[in-house]
Amino acid sequence: MTAVSRVLVLNARYKHTLAAIRSLGRRNLEIVAADHTPWAMSFFSKYTMKRCLYRSPKRDMRGFVLDVVSIAERENVGVIMPIGVDTSVPLSLYKPLVEKYARMVIADYKSLIVAHDKALAVKLAERLGVPVPRTIVPRSLKEVKEVARELEYPVVIKRRRGSGAREGVRYARNPRELVVKYRELSRRPAEGIIEDFSRPMIQEYVPGEIRDVCTIFRRGELRGIVVQRRVWTWPREGGPGILNETIRDPRLAEYAVRLLRALKWHGPAQVEFKLDADGRPRLMEINPKFWGTLELSIKAGVDFPYMYYRIAVEGDVEPVSRYREGLYILWPFPHDVEYLLSSPAPLEDLRFLLTLLLENRGKIVSDVSLSDPGPEAYKLKITVRAMLRALISRTGGVRLERRRS
């Protein structure tokens with residue numbers, strides 16, 4: 001019989017994994033952390049009882065699943081908690097096998113793949129009356145060339161499956177750029193159920209603010225929700241939030257719940273929207289996993305990791321829909337430092353941040369935990385590296401300009 005007080009938390013390298021581990025560890029649960037890299041940030045947390053390695057799910061999906069099952073059996077864990085999409089997708093696919101060894105709160109594969117595939121999510125949203133950007137899913141490069149002159153620019157080119165703005169998103173300002181960047185993205189090697197670059201989708205560009213509806217469901221019924229907006233993102237042009245604020249937006253919450261109920265969702269999911277120039281929302285994607293800004297949700301009063309644990313162990317949990325609004329969170333090391341270092345107007349951004357801190361005293365938190373110093377030392381090391389890279393880049397550029405002159 002497995003020990004239900006022992007949780008196997010995957011994707012130990014992510015910042016939101018650390019948030020989950022700290023949340024569960026503070027409740028005296030025993031944490032086994034695992035990743036495919038030995039230098040994962042959460043390995044250094046005082047709450048991590050045991051550190052384990054598994055094969056990369058992107059390179060060997062079946063091997064990854066067998067490794068997770070082996071760890072769960074060997075370490076006598078009662079609950080498995082995937083944090084990233086790369087672990088959630090294969091565990092959903094092999095859910096009947098994995099649940100013989102430990103409990104999970106994860107959607108069935110048929111539902112999860114609709115959420116994970118951006119083109120399928122758009123089709124679902126259209127059917128349910130949730131607004132989406134104009135979307136084209138070309139069958140070939142020839143079709144891209146045919147529609148290129150009919151589109152309004154700029155447009156966004158996205159891989160259908162996978163997460164990460166840097167790897168999977170391109171922007172085109174004219175027909176020629178569209179063809180070049182579509183070809184570039186579609187020729188990337190990854191093609192499968194976790195990542196797929198083979199047939200990117202093309203969407204109209206929505207210029208406004210990103211807002212997220214963060215949820216956890218129990219077999220199609222909402223159990224927890226937080227809505228937030230991204231003030232700063234990294235990368236700057238669009239990516240995970242590194243300065244976020246909790247807000248109320250009943251319209252977006254209703255859209256998100258409508259989508260996830262239709263999928264009979266089970267487990268955590270984040271539904272991402274963007275506001276257009278007139279403030280109207282458009283669905284960007286459904287992330288079938290925990291979100292990068294999980295720390296903010298926990299500090300706002302909705303402890304999603306613990307809710308996940310309770311649903312896994314007890315079968316259900318009391319719904320939570322009230323949370324602290326207007327709460328800001330920073331991820332200073334390394335993300336906010338990287339943001340300022342890359343800024344074309346660093347003094348202006350720094351002034352904005354200082355003003356925010358002064359005007360919202362008592363309403364700003366961060367992911368820094370002095371009571372758990374191991375990960376903080378790790379983050380400081382990464383931050384120093386980022387600062388050195390920026391310094392070398394800038395001084396190298398100055399020397400180059402001097403040589404040319």
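An open sheet of four strands runs in the order 3-2-1-4, with parallel pairing. Its edge strands are strand 3 (48-53) and strand 4 (77-81), each pairing on one side only. This is a predicted model. A second open sheet has seven strands in the order 13-12-9-10-11-14-15, with mixed pairing. The largest nonpolar core has 90 residues.

**The four-strand sheet**

- Neighbouring strands of the four-strand sheet are turned by 30° against each other on average, direction ignored.
- Strand 1 (residues 3-9) and strand 2 (residues 30-35) run parallel, joined by four bridges.
- Leu8 has Val32 of strand 2 as its bridge partner.
- Helix 12 (residues 304-314) lies across strand 1 and strand 4. The helix runs at about 130° to strand 4.

**The seven-strand sheet**

- In the sheet with the order 13-12-9-10-11-14-15, strand 13 and strand 15 (364-366) stand at the edges. Each has a single partner strand, so one side of each is left without a neighbour in the sheet.
- Neighbouring strands in this sheet are turned by 30° against each other on average, direction ignored.
- Strand 12 and strand 13 pair in the antiparallel sense, over six bridges.
- Phe273 has Leu283 of strand 13 as its bridge partner.
- Helix 12 packs on this sheet too, touching strand 9, strand 10 and strand 12. Its direction makes about 20° with that of strand 9.

**Nonpolar cores**

- Within the 90-residue core, the residues with the most contacts are Val7, Leu8, Leu10, Ile80, Leu91, Trp265 and Phe273.
- Helix 10 (residues 250-262) gives the most to this core, with seven residues.
- Another core, of 13 residues, lies apart from it. Its members include Val144, Leu151, Ile157 and Ile202.
- Trp265, one of the high-contact residues of the largest core, is in contact with Ala107, Ser111, Leu112, Ala115, Phe217, Arg218, Arg219, Gly220, Leu260 and Pro288, leaving aside its neighbours within four places in sequence.

**Helix 10**

- The 13 residues of helix 10 should span 18 Å at 1.5 Å a residue. The end C-alpha atoms are 18 Å apart, which agrees.
- Its buried residues are Leu252, Ala253, Tyr255, Ala256, Val257, Leu259 and Leu260.
- These buried residues pack against helix 6 (118-128), strand 9 (210-218), strand 10 (221-233), strand 12 (267-275) and strand 13 (281-287).
- Just after the helix, Lys264 takes a positive phi of about 50°.

**Helix 9**

- Asn174 caps the N-terminal end of helix 9. A side-chain oxygen of Asn174 lies 3.2 Å from the backbone nitrogen of Arg176.
- The helix has 12 residues, which should span 16 Å at 1.5 Å a residue. Its end C-alpha atoms are 16 Å apart, in agreement.
- Glu177, Leu178, Val179, Tyr182 and Leu185 are buried in this helix.
- Elements covering these buried residues include helix 7 (141-147), strand 6 (155-158), helix 8 (165-168), strand 7 (169-172) and strand 8 (201-204).
- Glu177 lies in helix 9 (residues 175-186). Its relative accessible area is 12%, so Glu177 is buried, the cut-off being under 20%.
- Leaving aside neighbours within four places in sequence, Glu177 is in contact with Tyr171 and Ala172.

**Strand 6 and its partners**

- Strand 6 is covered on both faces. Val155 and Ile157 are buried on one side, and Val156 and Lys158 on the other.
- Strand 6 and strand 7 run antiparallel, joined by four bridges. Val156 stands opposite Tyr171 in strand 7.
- Strand 6 also pairs with strand 8 in the antiparallel sense, over four bridges. Here Val155 stands opposite Glu204.

**Ile83**

- Ile83 sits in the loop between strand 4 and helix 3 (85-93).
- Its relative accessibility is 0%, so Ile83 counts as buried.
- Not counting residues up to four places away in sequence, Ile83 touches Val9, Leu10, Asn11, Tyr14, His16, Thr17, Ala20, Lys289 and Phe290.
- Ile83 and Arg389 are 306 residues apart along the chain. Their C-alpha atoms are separated by 29 Å.

Technical notes:
Residues are numbered from 1 along each chain as its sequence is written. This is a predicted model: local features need pLDDT of at least 70, side-chain atom pairs count only at pLDDT 80 or more; totals for chains, interfaces and linings use all residues. Side-chain values use heavy atoms; hydrogens and water are left out. Helices (H or I, at least four residues) and strands (E, at least two) are DSSP runs, numbered from the N terminus. Buried means under 20% relative accessible area, exposed over 50%, partly exposed in between (1.4 Å probe, protein chains only). Contact means heavy atoms within 4.5 Å. A nonpolar core is a set of buried Ala, Val, Leu, Ile, Met, Phe, Trp, Tyr and Cys residues joined through side-chain atoms within 4.5 Å. Two strands pair if DSSP finds at least two bridges between them. Axes are lines fitted to C-alpha atoms, for helices over the stretch in contact, and angles run from 0 to 180 degrees between N-to-C directions. The expected span of a helix is 1.5 Å times one less than its number of residues. A polar contact is a pair of N or O atoms within 3.5 Å; within protein, one must be able to donate a hydrogen and the other to accept it, and residues adjacent in sequence count only if both atoms are side-chain atoms.
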